[in-house]
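Thanks for sharing this one. Here are my notes on the cysteines and on two surface patches, as numbered points.

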Amino acid sequence: MANILVTQHIGDEGVQKLCEAGHAVTYRDETEPMTPDELQTAVLDVDGLVCLLTDRVDTAVLNAAANLKMIANVAVGYDNIDLAAATERGILVSNTPDVLTETTADHAFALLLAIARRIPEADTFMRAGKYDKFEMFPPLLGLDVYGKTLGIVGLGRIGTAVARRGALGFGMKVLYTANSRKMAVEQELNAARATLPELLRQSDFVSINVPLTPETRHLFTLETLRQMKPTACLINTARGPIVKEDDLLTALREKTIWGAALDVFEAEPQMTSGLAQHHERLVVAPHLGSATGDTRQKMVNTAVKNLLVGLAGQKPPDVLNTEIADQANE
Ligand code: DGY
């Protein structure tokens, strides 16, 4: 039997599975993360941790958790966890890939269409009773999507799913950045690998799909945004700090780019106050990429499964530090 801490609300189904497996589960059924001090205290006797992307599992937490064997993050992104420090301490870490890929890609595309056709602005316009006549060239003219160029910054699982929607559904030409060429995707979608400057210069829509790492933090500054077409839109469903929000605001105000759609923010849940006040050609959502009932439940189930397998001394299917799992199973 292991002591498991579930740091925040994940619903009963996942907690029940952990209990049924015979573990002692402390379920903190709250929707706010703990403070760093609270988390450090809460992990003192814990063998297994189920956490969300808003829980910062840093060296202070790992040092406090002397018994910790496994962390199951209920998210595909794991920038909230110091993976290197966990690996040094022999702690397994898993995430929840695959189950959220299509849902997150749907959301990225929903934002792309919403910004291109100015859906939130149109909604506000209607509700304000401003639609008093049909005009040939109304104030809310949008952008075409069909047949345009879609630049995917980071052609991983979600980036590929966004590219597929663009190429197969909207006849878009796909450019992508990635550490290596993705031959299968190039063949399937007629996609082409480009350098970031090339991609920015040519794309009508730029979708950010890279993970947050020291290299991608503030990848999009004013300098980067200035390389985009003045008629282009930026869509970010990855992580907020990849875009320097103040610079994006400047770019929107100065019409350096046409528009932006953001699902993630630099200092979530806050967003730069100027952005909240900027309504024109800016769509914002509160980190809803994977937020459908089915997908969120699948993410919980995936995290729980990983944890149960890891605590049973086997290799969790979505382990991130495979070297630890392989060592343990040698
Ligand atoms: C993730 O899983 O990393 C998303 O940002 C939240 O679903």
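1. No disulfides turn up: a search of the whole structure finds 0, taking a disulfide as a pair of cysteine sulfur atoms within 2.5 Å. The cysteine sulfur closest to that of C19 is in C51, 18 Å away, so the two are too far apart for a bond.

2. The surroundings of these cysteines are worth a look. C51 is buried, at 0% relative accessibility, while C19 is partly exposed at 40%. Here buried means under 20% relative accessible area, exposed over 50%, and partly exposed in between (1.4 Å probe, protein chains only).

3. Please keep in mind that this is a predicted model: local features need pLDDT of at least 70, side-chain atom pairs count only at pLDDT 80 or more, and totals for chains, interfaces and linings use all residues. Residues are numbered from 1 along each chain as its sequence is written, and side-chain values use heavy atoms, with hydrogens and water left out.

4. On the surface, a nonpolar patch is made up of M126, Y131, F134, M136, F137 and L141, which together have about 780 Å² of accessible area (Shrake-Rupley method, 1.4 Å probe). Patch residues have over 30% relative accessible area and no salt bridge (Lys or Arg side-chain nitrogen within 4 Å of an Asp or Glu carboxyl oxygen); nonpolar side chains are joined within 5 Å and like charges within 9 Å. F134 sits in the loop between α6 (119–127) and β6 (149–153), and is exposed at 66% relative accessible area.

5. There is a negative patch too, formed by D12, D29, E30 and E32. D12 belongs to helix α1 (residues 12–20) and is exposed, with 56% relative accessibility. Helices (H or I, at least four residues) and strands (E, at least two) are DSSP runs, numbered from the N terminus.

Notes
Lys and Arg count as positive and Asp and Glu as negative; His and the chain ends are not counted. The place of a charge is taken as NZ of Lys, CZ of Arg, CG of Asp or CD of Glu.
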